[in-house]
There are 2 protein chains.
Amino acid sequence: MEITFIGAGNVAWHLAPALENAGHHVNEVVSRQLSHARQLVSNTLYDARPRSDFNLAQSVSQLFILTVPDDALPDVCARLVLPEGAIVVHTSGTRSLGDLTQLMQVYSDVPVHTGVFYPLQTFSRQQSLLDFEEIPLCIEAADPETESQLVALGQEISSIVYLVDSAERRVLHLAAVFACNFTNHLFAIAKGLTDAHDLEFDLLKPLIRETFRKGMAAADPATVQTGPARRGDQKTIDTHLDMLRHQPRLQAIYDLLTASIRAGEKG
Amino acid sequence: MEITFIGAGNVAWHLAPALENAGHHVNEVVSRQLSHARQLVSNTLYDARPRSDFNLAQSVSQLFILTVPDDALPDVCARLVLPEGAIVVHTSGTRSLGDLTQLMQVYSDVPVHTGVFYPLQTFSRQQSLLDFEEIPLCIEAADPETESQLVALGQEISSIVYLVDSAERRVLHLAAVFACNFTNHLFAIAKGLTDAHDLEFDLLKPLIRETFRKGMAAADPATVQTGPARRGDQKTIDTHLDMLRHQPRLQAIYDLLTASIRAGEKG
């Protein structure tokens, strides 16, 4: 397949070479900032052409992968000119397929096929290229033929390909915010607490590692919950709340999460 | 060293055999419920004697390790009769050394040495025995000689032995509640959210694994924070809050953690 990437950010940085490794050809990388497209091409791709022009009417690609920020999607779609019959997909956890289909209906002069090709992973340019084999790909398409083509493409790079509709993808994304974004912030809070008392954050890492291992190994992480909230150890809870008296938001976070654990709350 | 365990719970289950593996001898295991002491002895120890009697005046042990729940400490100390000159330590993250010293001054008829021998790890009986080599041991003692003895003992089973005073240990424990107990609860919430929509929680595991790996590899987890809060993506945040409208506490947790990330808050 001939493929064009629109956007040269973190997702493109990992997905584009993965598709080339599977035998496809990335033909162009389009970015508003040509230097970004150039950087991606020179670092990870075979002979793609960096461009900053969104008029792709003459492109030989069959698949156009949008890896732009969610907020930029409407503006990018407004500028995009695609060849007739192209498949255009976004890679967003939150944007619905309907959003993209509608934008294309408004802005494209020719009929195109729309879909979603969402890798459920966090990407950053700094790290070495991720192996997609273990990355879940969530696929959705507006028509059955596009769906089969995207599923087939997905299966060439990953062993975990699911059909996930927009409502389901939104739930996965919300769950990921709790399990990943918020979790990382709790690590940052813990680091801040140890820093403030000249203690080494590294002391906590074996415990964090074991917590993570247990939580992932359990059929349900709730069954391996430990700590003062779980034990109903009010004396320790009160001590901790008192230690946080000068940090009202941290105190409120402690209080709410404790109440939530005690209530055995689920999502 | 001849060692007595008082308490036959999760900590004893892992610490007692680790000390025997290092060449020490666990002489007795005392538990209010004799069956608990028996179970620990028969499963993990060489020839310790299970007991339910707290009068240990005739014990040949030099070290008495309290692995009872924090709340039970005063009551256990009130019943405990120790030989003169014994070293008695607790293994708690939250109880101060002063608590134990004071309890002993009140209840012991003979002078004893007090200390803390706190392994910064989460233990459960179900799992296979943990290797203490990588578990940080936080040591504190009321006198220098006891401190040296506890440090020497700690170094025989772990490569990470720190002198940590009671105030510092309390901070470590608070940080651990954020980084471990609360983190596990966020996993449970994510599992609940996927369950409620018949989605597989396993889909999120590669992302959780990568988040954990990145957070632990970074000098400061705050520098690898991602997600809608970090990006200031208010549209996604509003969508997520709306999705949680029937779960007011989860909504409040989402709201607070989002505000905390946006404020770049540290502990």
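Guide: Before we start, one term: a polar contact is a pair of N or O atoms within 3.5 Å, where within protein one atom must be able to donate a hydrogen and the other to accept it, and residues adjacent in sequence count only if both atoms are side-chain atoms. Please also keep in mind that what you see above is a predicted model.

Visitor: Okay, so how many residue pairs are in polar contact between domain 1 and domain 2 of chain A?

Guide: Counting pairs with both residues at pLDDT 80 or more, there are three between domain 1 of chain A and domain 2 of chain A. On the domain 1 side that touches domain 2 of chain A, strand 6 (113-119) and strand 7 (137-141) of chain A each supply at least two residues.

Visitor: Where do those domains of chain A sit in the numbering?

Guide: Domain 1 of chain A covers 2-164, and domain 2 of chain A covers 169-262. In the contact, 13 residues come from domain 1 of chain A and four residues from domain 2 of chain A.

Visitor: What separates their centres, then?

Guide: Taken over C-alpha atoms, the centres of domain 1 of chain A and domain 2 of chain A are 36 Å from each other. The area buried between domain 1 and domain 2 of chain A comes to about 640 Å², and carbon and sulfur atoms give 61% of that.

Visitor: How many salt bridges cross that interface in chain A?

Guide: The rule finds one salt bridge across the interface of domain 1 of chain A and domain 2 of chain A. If you look at Arg169(A) and Glu140(A), you will find their side chains meeting in a salt bridge, at 2.8 Å from N to O.

Visitor: Switching to the sheet in chain A, what's the strand order?

Guide: In chain A eight strands form an open sheet in the order 3-2-1-4-5-6-7-8, and the pairing is mixed. The edge strands of chain A, each of which pairs on one side only, are strand 3 (49-51) and strand 8 (161-163). Averaged over neighbouring strands of this sheet, the turn of one against the other is 25°, with direction ignored.

Visitor: And strands 6 and 7 of chain A, parallel or antiparallel?

Guide: Strand 6 of chain A and strand 7 of chain A pair in the antiparallel sense, over five bridges. Within strand 7 of chain A, Cys138(A) is the residue that Tyr118(A) stands opposite.

Visitor: Which strands of chain A does helix 1 lie across?

Guide: Helix 1 of chain A, residues 10-21, lies across strand 1 (2-6), strand 2 (25-30), strand 4 (63-66) and strand 6 of chain A, and it runs at about 175° to strand 1 of chain A. Helix 2 of chain A, residues 34-44, lies across strand 2 and strand 3 of chain A, at about 165° to strand 3 of chain A.

Visitor: What about chain B, how are its strands ordered?

Guide: Chain B has an open sheet of eight strands in the order 3-2-1-4-5-6-7-8, with mixed pairing. At the edges of that sheet lie strand 3 (49-51) and strand 8 (161-163) of chain B, each pairing on one side only.

Visitor: How do strands 1 and 2 of chain B pair, parallel or antiparallel?

Guide: Strand 1 (residues 2-6) and strand 2 (residues 25-30) of chain B pair in the parallel sense over five bridges. Opposite Ile6(B), in strand 2 of chain B, stands Val30(B).

Visitor: Last topic: how much area do chain A and chain B bury between them?

Guide: Chain A and chain B bury about 9,300 Å² between them, with 71% of it on carbon and sulfur atoms. Phe178(A), Leu203(A) and Arg249(A) supply 8% of the area that chain A buries against chain B, more than any other three residues. As for the residues in contact, 92 come from chain A and 92 from chain B.

Visitor: How many salt bridges and polar contacts are there between the chains?

Guide: Between chain A and chain B the count is two salt bridges, and the side chains of Arg249(B) and Glu265(A) meet in a salt bridge at 2.9 Å, N to O. There are also 24 residue pairs in polar contact between chain A and chain B, both residues at pLDDT 80 or more.

Visitor: Which helices of chain A supply that side?

Guide: Helix 6 (166-196), helix 7 (205-217), helix 9 (234-243) and helix 10 (248-262) of chain A each supply at least two residues of the side that touches chain B. The largest share of that side, 26 residues, comes from helix 6 of chain A.

Notes:
Residues numbered from 1 in each chain as written. Chains lettered and ligands numbered in written order. Predicted model: local features only at pLDDT ≥ 70, side-chain atom pairs only at ≥ 80, totals over all residues. Heavy atoms only, no water. Pairing = 2+ DSSP bridges. Helix = DSSP H or I, 4+ residues; strand = E, 2+ residues; numbered from the N terminus. Domains from an automatic or database assignment. Contact = heavy atoms within 4.5 Å. Buried area = accessible area lost by both parts, 1.4 Å probe. Salt bridge = Lys/Arg side-chain N within 4 Å of Asp/Glu carboxyl O. Axes fitted to C-alpha atoms, helices over the stretch in contact; angles between N-to-C directions.
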